[in-house]
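Dear colleague,

I am handing over the structure that we spoke about, with the sequence alongside. Please have it open while you read, since the notes below follow it from place to place.

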Amino acid sequence: MKVLLLGSGGREHALAWKLAQSPLLSRLLVGPGNPGTARWGTNVPLQADSPEAVVSLARRERVDLVVVGPEAPLVAGVADALAQVDIPCFGPVAAAARIEGSKAFAKEVMDEAGVPTAAFRVFTDAAEAEAYAVAQGRIVVKADGLAAGKGVIVAPDADAAREAVRAVAQMGQAGQRMVLEELLEGEEVSLMALCDGERYVLLPLSQDHKRVGEGDTGPNTGGMGAYCPAPFLTPEQLAKVGEQVIAPTLAVLKKRGTPLRGVLYAGLMLTASGPKVLEFNARFGDPETQVLMMQVDEDLLPLLDACAKGTLAPRPLKQFPGASVGVVLAAEGYPEAPKKGQRIEGLDAVPSNAPVFLAGVAKQDGALVTAGGRVLTVCARGDSLATARERALTAADAVRFEGRHFRRDIGARGLRARP
């Protein structure tokens, strides 16, 4: 099979690494890719969120399957355009991707599907939203549209609630409508399912670390690291979440005539009264994908192909024993104003059993330099979470660039957990 993978981040580097291991793969194209994906496939210049550009390349190269990494191409309708020319796409049509592109739409689907979630209200008037938020005090304020991972603000009191509404209202089109919902307490985890529009296969439960500082301090980021499997649910409890969250959501989207073929990502809060959905995404998470690809012990390509063609056979996924941990190395100034152009050294000292997935990286005069906030993710697998953490942190220490910072407590909550 000839595959076109869309995207340029650490998630796409990890997907390219995994897809390249498939005996079914004849050629992998990555558009636009990064210096890391070039090792596993052929990078091609491409505007990934342009349906016309993607279709043109896919037809010219006679691609058998398109795999979409980030959300922007999905919301832009890349999957729709590919469907019109009968090219299978792992990634939903735009109407189904609204489950990520619009927080209000996602809540509407959850309501119809009977999916457990936080109580909420939708506002289009900022003054009304501010009055409601201040009256509630503790609340979560969400921009309805895509806001590059910065559209959710947790407000612990009335003053913070007021500022949160004002901040979201300044987020342009994304913040013209906002969702205000109750603040849930518990462990926050990520559950992703490979879906063919009706049936699904669950990936291992993972846990992302959003705050920039250790002990979950400082501002939110796109994610400073992840690990899997997260030990907060038994296999039986995980299967039940699939039945209560994934299955009914897929059923509602199918009934609406917009089946979701790709990843349905449920951000969950494990509350005292059971798991509740915080949000849905319509693609692989980042940095969770990096550790998920480490943990999957089977060929990924036929699974993605079956999802795209609506022929997925539901079954447990084969996993390696133990756990996988990924530590994100971030640039100086991230997340507010990351510095770029810093030379990256030490990659040759990283052990071969600790893959490094590049993200905000560019080539300059033959050397790798920082080109974004989250520069790379160092991953490792071990027979236990503790061993995987130790290997990942040792490997992370070997990579150097000016101002680099990373969290040493990735997975610490998992070590304290009891399923």
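In which loop does Met-171 lie? Before I answer, please keep in mind that this is a predicted model. Met-171 is found in the loop between helix 8 (158–169) and strand 9 (178–181). Because its relative accessibility is 25%, Met-171 counts as partly exposed, the cut-off for buried being under 20%. Met-171 and Ala-147 are separated by 24 residues in sequence, while their C-alpha atoms are 7.3 Å apart in space.

Aromatic rings and charges

A search of the whole structure gives three aromatic pairs, two of which I describe here. In one of them, Trp-17 and Phe-357 meet edge-to-face, with 5.5 Å from centre to centre and 70° between the planes. This pair links distant parts of the chain, as Trp-17 belongs to helix 1 (residues 10–19) and Phe-357 to strand 19 (residues 356–358), 340 residues apart. Both Trp-17 and Phe-357 are buried.

The pair of Phe-123 and Tyr-132 is tilted, with the planes at 45° and the centres 5.2 Å apart. Phe-123 counts as buried because its relative accessibility is 4%. Its partner Tyr-132 also has a charged neighbour, for Arg-121 lies over the face of Tyr-132 at 4.7 Å from the ring centre. A further contact of this kind involves Arg-381, whose charged end sits over the ring of Phe-320, 3.8 Å from the centre of that ring.

The annotated domain

From the UniProt record, which is an unreviewed entry, comes the feature "domain: ATP-grasp", listed for residues 107–309. In the model, the span 107–309 is 33% helix and 31% strand, and its end C-alpha atoms lie 28 Å apart.

The cavity

Rolling a probe the size of a water molecule over the atoms shows where empty space is left. The count comes to one cavity of 30 Å³ or more, and the largest cavity has a volume of about 50 Å³. Among the residues that line the largest cavity are Ile-99, Glu-100, Lys-103, Lys-107, Met-110, Lys-142, Glu-181 and Phe-280. Helix 5 (94–101), helix 6 (103–113) and strand 17 (274–281) are the elements that each give two or more residues to this lining, and helix 6 provides the largest share, with four residues. Sorted by class, the lining of the largest cavity holds six charged, five nonpolar and one polar residue.

The second largest pocket

What kind of residues line the second largest pocket, and how do they divide by class? They divide into 19 nonpolar, four polar and two charged residues. The space in the second largest pocket comes to about 650 Å³. Its lining is made up of 25 residues, and those nearest the centre of the pocket are Pro-204, Thr-234, Pro-235, Leu-238 and Gln-319. Two elements, strand 11 (200–202) and helix 9 (235–255), give two or more residues to the lining of the second largest pocket, with the largest share, four residues, coming from helix 9.

If you would like a place to begin in the viewer, you could start from Trp-17 and Phe-357, the edge-to-face pair, and then turn to helix 6, which gives four residues to the lining of the largest cavity.

With best wishes

Key. Residues are numbered from 1 along each chain as its sequence is written. This is a predicted model: local features need pLDDT of at least 70, side-chain atom pairs count only at pLDDT 80 or more; totals for chains, interfaces and linings use all residues. Side-chain values use heavy atoms; hydrogens and water are left out. Rings of Phe, Tyr and Trp (its six-membered ring) pair if their centres lie within 6.5 Å; planes under 30 degrees apart count as stacked, over 60 as edge-to-face and the rest as tilted. Buried means under 20% relative accessible area, exposed over 50%, partly exposed in between (1.4 Å probe, protein chains only). A charge sits over a ring if NZ of Lys or CZ of Arg is within 6 Å of the ring centre and within 35 degrees of the ring normal. UniProt positions are given in the numbering used here, feature names are shortened, and annotations may be inferred rather than shown by experiment. On a 1 Å grid over the protein atoms alone, a cavity is a set of points where a 1.4 Å probe fits but cannot get out, and a pocket is an open set with protein on both sides within 12 Å along at least five of seven lines; lining residues have an atom within 4 Å of a point. Grid points are joined across faces, edges and corners, and a volume is the space filled by probe spheres set on the points. Ala, Val, Leu, Ile, Met, Phe, Trp, Tyr, Cys and Pro count as nonpolar, Asp, Glu, Lys and Arg as charged, and the others, Gly among them, as polar.
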